[in-house]
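Thank you all for coming. Please have a look at the sequence and the model on the screen, and then we will go through a few places together.

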Amino acid sequence: MNVTKKINNRTIIDQVSFSVNKGEIYGFLGPNGAGKTTTIRMIVGLMSINEGDILINGTSISKDFEKAMHSIGAIVENPEMYKYLSGYQNLIHYARMIPGISNARIDEVTELVGLKDRIHDKVKRYSLGMRQRLGIAQALLHKPSILILDEPTNGLDPAGIRELRDYLRILANEGTSTLVSSHLLSEMELMCDRVAIIKEGKIIEEKSLSEYTNQQQNKFVFEVDQPEEAFQLIKEQYKDKEINMLENGFVLLLNREEVPKINMFLVQEGFLVYSIYSTSKSLEDQFLELTN
């Protein structure tokens, strides 16, 4: 809450506050140098805080660091593993640092992240995507209530990114919260429930993804063979709708469910409909506007 970080009298993080709800995937977006990794490093105790405090399940990291950290599983930047050991040996090594992690729990997280068939291979034979999955397995061993992933999609192919997205949704359904930072805005749009955009150390916007999705369902362009006639007909037929003329058709403010009805009406009236598409701004468009 109201966290500030200064280095050499320069404010890197300026009064940043946000919260992640139980079972929520929360996106942390920002251009390079905006303060994403610095914020995450402060959350996991790798950097000190100059002002403010961070609460994990109501526990202050400055007052009871060990208890707060027990609720966190994290991968900051890249997961580091012993490459000459197998994936299973890496997990055993990590499990010895935290009391109460059984072999059954290791088997459980191994299956969850899809490494059951390769867990006894040496990590040096793993692809980058498999190492990411092993890192997530390691972060989940002690059953944290919040998972923190800093740029987890770096270097992953499309299949690996989709797998990661599916794993996070499974965890969310089981009640695990996730804070994830990434540059891949199209993936964040598919992955997250809410996003915060940080710029120059300040959070400049926070929204639920449903708000962005709803915005994408507002304006639709209809390209038709007789644009002026179609425009006049729709304007007369749908007097309560906002409509504007275009060179090859018109743009109409609609709910998504109304689009096929308008299309059917135009076809029945003898118009040829060449295309229908949304013109509302995506998360990426709005991110680029906000961050200049």
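Let me begin with a question for you: is Phe28 buried or exposed? Please keep in mind while you look that this is a predicted model, and that the protein chain averages a pLDDT of 87, with 93% of the residues scoring at least 70. The confidence is not even along the protein chain, since helix H3, residues 87-95, has the highest mean, at 94, while helix H8, residues 209-215, has the lowest, at 62. Where pLDDT is low, the predicted coordinates should not be read in detail.

Now back to the question. Phe28 has a relative accessibility of 0%, and because buried means under 20%, Phe28 counts as buried. Its partner Phe18, by contrast, has 24% relative accessibility, so Phe18 counts as partly exposed. I call Phe18 a partner because the two ring centres are 5.3 Å apart, with the planes at 40 degrees, which makes this a tilted pair. The pair links distant parts of the chain, as Phe18 sits in the loop between strand E2 (10-16) and strand E3 (25-29), whereas Phe28 is in strand E3 itself, 10 residues apart. Ring pairs also bring in Tyr26, so that Phe18, Tyr26 and Phe28 form a cluster, and the structure as a whole holds 5 aromatic pairs.

Strand E3 comes up again when we turn to helix H6, residues 158-173. This helix has 16 residues and reaches 23 Å from its first C-alpha to its last, which is close to the 22 Å expected at 1.5 Å a residue. Which residues of H6 are buried? They are Gly160, Ile161, Leu164, Arg165, Tyr167, Leu168, Leu171 and Ala172. These residues cover an arc of only 160 degrees around the axis, and therefore they lie on the same side of H6. It helps to remember that an α-helix has 3.6 residues a turn, so residues three or four places apart point the same way. The cover over the buried residues of H6 includes strand E3, helix H4 (103-112), helix H5 (128-140), strand E7 (146-150), strand E8 (177-181) and helix H7 (185-191). On the face turned away from that buried side, H6 carries the exposed residues Pro158, Arg162 and Asn173. After H6 comes Gly175, whose phi is positive, near 100 degrees.

Helix H5, which we have just met as part of that cover, contains Ala139. Ala139 is buried, with a relative accessible area of 4%. Although Ala139 and Ala74 are 65 residues apart in sequence, their C-alpha atoms are 5.5 Å apart in space. Leaving out residues up to four places away in sequence, Ala139 touches Gly73, Ala74, Pro144 and Leu147.

Let me finish with Lys241, which is found in the loop between helix H9 (227-237) and strand E12 (243-246). Is Lys241 buried or exposed? With a relative accessible area of 19%, and because the cut-off for buried is under 20%, Lys241 counts as buried. Its side chain makes a polar contact with the side chain of Glu258, at 2.7 Å. Beyond residues up to four places away in sequence, Lys241 touches Leu252, Leu253, Leu254 and Glu258.

Key:
Residues numbered from 1 in each chain as written. Predicted model: local features only at pLDDT ≥ 70, side-chain atom pairs only at ≥ 80, totals over all residues. Heavy atoms only, no water. pLDDT = per-residue confidence, 0-100. Helix = DSSP H or I, 4+ residues; strand = E, 2+ residues; numbered from the N terminus. Phe/Tyr/Trp six-rings, centres within 6.5 Å; stacked < 30°, edge-to-face > 60°. Buried < 20%, exposed > 50% of the residue type's maximum accessible area, 1.4 Å probe, protein only. Polar contact = N/O pair within 3.5 Å; in protein donor to acceptor, adjacent residues only side chain to side chain. Contact = heavy atoms within 4.5 Å. Expected span 1.5 Å × (residues − 1). Arc of directions from axis to C-beta.
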